[in-house]
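Visitor: Please put the model up, and then I will ask about how its parts fit together.

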Amino acid sequence: MRIALILLGVAAALIAPFFVYPVLLMTILCFVVFATSFNLLLGYVGLLCFGQAMFLGLSAYVTGHILKTTDLSLEIAILAGALVSAVLGAFVGFVAVRRSGIQFAMITFAFAQFVYFLLLRSEFTGGENGMQGIPRSELFGIFDVSDTLTFYYVILGMTALAILLAYRVIHSPYGEILKAIRDNEPRVESLGFKPERFKILAMSISAGIAGFAGGMKAAVYGFATLTDVSWTVSGEVILMTLLGGLGTLTGPMVGAGIVIVMNDELAQFGEWALIAQGIILILVILFFRRGVVGEAGAFFRRRQARAKDAPAGKPREAE
Amino acid sequence: MFDGITPQLLFGQLLIGVINGSFYAMLAMGLAIIFGLMHVVNFAHGAQYMLGAFVAWLLLTHLGIPYWGALFIAPVVVAIFGIVMERLLLKPIANLDHLYSLLVTYAATLVIEGLIRQQYGSTGLPYNSPLPGGVNLGFMFMPWYRLWVVVFSVVTCLGTWLLIEHTKLGSYLRAANESPEIVESFGINVPRMMTLTYGFGVGLAGLSGVLAAPVYQVSPSMGSGLMITIFAVVVIGGMGSIIGAILTGYLLGIVEGLTKVFYPEGAGLVIFFIMLLALIFRPSGLFSGTEKS
């Protein structure tokens, strides 16, 4: 059943550009990667990074700058952007893990504003106007990807790689320790691990994946703006993750899809896109904390349990 | 290096710093009170501050009620709004991870700001000073209203601090923070106390908003822009420390003002750098006696 669902998803992603506007699909894919990076921290380590947009936006500018000023190929530019974000993530982690829980969120929030301010003032970003005219260099220096349909498949492949990386991190021994930190940090410490080091590394990996999404986004649109660094985007990724399902691999993908399509539909109604985001986030927190994927999973487990006449579904671990 | 600095510039910026610091202190104090008792980081604090300013503006424009009336009415209106918010949004999730309360108040901020912006646009609305004119002190010109802001905020902060640290009500509040079960066994309704505390903290935000209306322009985003600084103030002062929040608020306002005089390029960043240094060298907060939680 699970494999069938994955195959169905892959097939849908492959034929989607023939039915839906490819740029919208690529936007969704960028945010799928971005939301996955956020979920890695909140869903699996229990760290709420309230400034995830700084990694997305910084990398978008770095990638854009490399593409504009050098002849380096596309994947190198995006990886360089991701690397810069990963370094920033390690530094933010180094400072912010000194305070636990809620203060971590506040510190990352303040950090993101600082990065916003620096990018606003920097020469190379174009300030308020943003960075325009980012060229789409050849992939590996040989493949021309200027065609939108071709580029969609490149972005799809990159998305798959990023999700595979997140999957490998979560299901590695290192990922098990992260989950243990989330559930009982003093216990992990008593076993001789240093939770702070694990958290800083997790922060860096998450920032790197978010940066990867930012680089992809800069290449898709051909521009980078301060919106990518703003706290509304940091909030948007929280909504995507919670709406889809915190601590599930597919949740952030579903959430990113819903939120991007919703933004697209509501774009003409001014403020209502943000108001709708707020209302949905409130409803999710009050009534559906498992998110779409979590609730659907629980529903199917209940049905299975009833079919087998067993007592009740297995309790969920990620809550 | 300091040749170009006239006393007018120095004291002018210092005054702006103290004014900003007054608002930092009042808002950070409200945030610290709410956090101290409920362990809720009230992201909506900035939006509630903005609501205070907007209520004052609406009272003046539509009902003709002047500033001095708004100073009493608006905080009550905003506090009632806060109490409704607490009942609807915070109470149902009181037993969950505190991250959820931060997120739900963030979501409320999106809705409040969005609705106000939809209704009144994003441009600032002017609110005339109720105390025009000022006094020339020789080295600088001191507008009456700014003097009023500083005095009023110092009195409010001191009064609130005394209320919480040195009265019976305050000791109940602090005790309910330490161990709600024991306080409850004394016959005190802790959930209601939490609702009222939230209302009080939110009312303080509304009061700051009225105070701010004649100084800054009344605009939907006036609060969320301030929240970043307020978060930094609370983090530097030590979470939940009321006196820490107050002192750090004034201090950072003044430091920010002085930075504008001596190193204008750094003015936007100085608070952030102080937060960075405080986190690295005083991880438990400047005014917090306890070790890292």
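Visitor: Which residues in α11(A) meet which residues in α13(A)?

Guide: This is a predicted model, where local features need pLDDT of at least 70, side-chain atom pairs count only at pLDDT 80 or more, and totals for chains, interfaces and linings use all residues. Residues are numbered from 1 along each chain as its sequence is written, while chains are lettered from A and ligands numbered from 1 in the order in which they are written. Helices (H or I, at least four residues) are DSSP runs numbered from the N terminus, and contact needs C-beta atoms, placed from the backbone, within 7 Å. On that basis Gly291(A), Val292(A), Val293(A) and Gly294(A) of α13(A) are met by Gly251(A), Val254(A) and Gly255(A) of α11(A).

Visitor: At what angle do helix α11 and helix α13 of chain A pack?

Guide: Axes are lines fitted to C-alpha atoms over the stretch in contact, and angles run from 0 to 180 degrees between N-to-C directions. The two axes, of α11 (residues 251-266) and α13 (residues 291-308) in chain A, are 7 Å apart. The angle is about 125 degrees.

Visitor: Which element gives the largest share of the side of chain A that touches chain B?

Guide: In total, 29 residues of chain A are in contact with 33 residues of chain B. Elements giving two or more residues to the chain A side are α10 (231-244), α12 (272-287) and α5 (101-121). The largest share, eleven residues, belongs to α5(A).

Visitor: How many helices does chain A have?

Guide: Chain A has zero strands, and its pattern along the sequence is α-α-α-α-α-α-α-α-α-α-α-α-α. The number of helices is 13.

Conventions: Two residues are in contact if their C-beta atoms, placed from the backbone, lie within 7 Å.
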